[in-house]
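Visitor: Hi, I have a new structure to look at. Can you walk me through it?

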Amino acid sequence: MSDLGFNKIAGAVLATGLAIVGLKELTSVIYKVEPVEKPGYAITIAEEAGEGGAAAVEVAIDWGTVLPTADIAAGEAVAKKCISCHSFNQGGANLVGPNLYGVVGIKPGSHAGMAYSDGLKAYGEKTPAWGYENLNAFLLAPQKYISGTKMSFVGLKKPEDRINMIAYLHSLGSTLPIPAPAPASAPAPAAEAAPAADAAAAPAAEKPAA
Ligand code: HEC
């Protein structure tokens with residue numbers, strides 16, 4: 001074999017090797033997994049909730065106070081993170097996930113025509129309805145809150161995003177009443193909203209102390 005022939009072959013081998021290395025690099029860039037910042041959740045909540053502490057996710061938000069002044073338009077903007085998998089219009093199609101019109105107040109896993117995961121079905125069996133508390137916990141960390149759910153979404157870390165999102169969902173045909181504000185709640189972000197909440201369709205059980 002002549003020198004020239006050998007060089008050609010060696011060159012071809014080298015080029016193939018380089019191509020493989022290059023492809024590997026490229027693949028690792030494309031499939032680079034974004035690290036999930038789990039610790040951030042608890043810290044954010046603890047800060048927002050003041051003395052409530054990290055474990056007090058549910059009691060940290062007084063729905064009767066925050067919902068009447070929540071920013072529904074901002075919630076609709078947050079919903080851009082959901083529309084690859086969910087439709088929000090009345091009678092809208094199920095996509096990867098179920099249509100979400102009127103989801104506040106329905107039994108979890110009960111939207112017609114949706115093939116739910118066993119995880120969500122099991123959750124629906126023990127949970128009468130989607131309300132503010134459990135939606136808040138689910139939207140914070142879906143797969144942590146309902147093990148086995150096939151909603152592969154990282155969650156909404158900011159409390160205001162979840163509040164606005166839930167207010168937006170509530171505006172979509174939900175009849176679930178907004179509770180009266182907690183009488184002696186610590187100064188919340190929207191504390192001045194107390195009078196407006198009275199006008200809401202809540203079963204006015206107790207008037208909040210002035
Ligand atoms: C990657 C796709 C995907 C994204 C993004 C996503 N979801 Fe989901 N969602 C699903 C799937 C799939 C289900 C059904 C889960 C199951 O069966 O376990 C679901 C279920 C739900 C449910 C329960 C509905 C019911 O009928 O019980 C709610 C509420 C919900 N999603 C809200 C949201 C919101 C709000 C967002 C955006 C902040 C969002 N999802 C983003 C895929 C997604």
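Guide: Start with the ligand. One of its oxygen atoms is 2.7 Å from an N or O atom in the side chain of Thr-149. That is a polar contact, meaning a pair of N or O atoms within 3.5 Å; within protein, one must be able to donate a hydrogen and the other to accept it, and residues adjacent in sequence count only if both atoms are side-chain atoms.

Visitor: Hang on, what kind of model is this?

Guide: This is a predicted model: local features need pLDDT of at least 70, side-chain atom pairs count only at pLDDT 80 or more, and totals for chains, interfaces and linings use all residues. Residues are numbered from 1 along each chain as its sequence is written, and side-chain values use heavy atoms, with hydrogens and water left out.

Visitor: Back to the ligand. How far is its oxygen atom from the side chain of Tyr-116?

Guide: An N or O atom of that Tyr-116 side chain lies 2.6 Å from a ligand oxygen. Gly-109 uses its backbone instead: an N or O atom there is 2.8 Å from an oxygen of the ligand.

Visitor: Which residues come nearest to the ligand?

Guide: Cys-82, Cys-85, His-86, Ser-117 and Met-151, out of 26 around it. Being near means that a heavy atom of the residue lies within 4 Å.

Visitor: What classes are in that shell?

Guide: It has 18 nonpolar, 6 polar and 2 charged residues. Ala, Val, Leu, Ile, Met, Phe, Trp, Tyr, Cys and Pro count as nonpolar, Asp, Glu, Lys and Arg as charged, and the others, Gly among them, as polar.

Visitor: Those two cysteines: buried or exposed?

Guide: Cys-82 is buried, because its relative accessibility is 15%. Cys-85 is partly exposed, at 28%. Buried means under 20% relative accessible area, exposed over 50%, partly exposed in between (1.4 Å probe, protein chains only).

Visitor: How many disulfides does the structure hold?

Guide: The count is 0. A disulfide here is a pair of cysteine sulfur atoms within 2.5 Å.

Visitor: New topic. Where does Thr-127 lie?

Guide: In the loop between α6 (118-126) and α7 (132-140). Helices are DSSP runs (H or I, at least four residues), numbered from the N terminus. Thr-127 counts as buried because its relative accessibility is 9%.

Visitor: What is Thr-127 in contact with?

Guide: Lys-107, Pro-108 and Asn-134, leaving aside neighbours within four places in sequence. Contact means heavy atoms within 4.5 Å.

Terms used:
Helix = DSSP H or I, 4+ residues; strand = E, 2+ residues; numbered from the N terminus.
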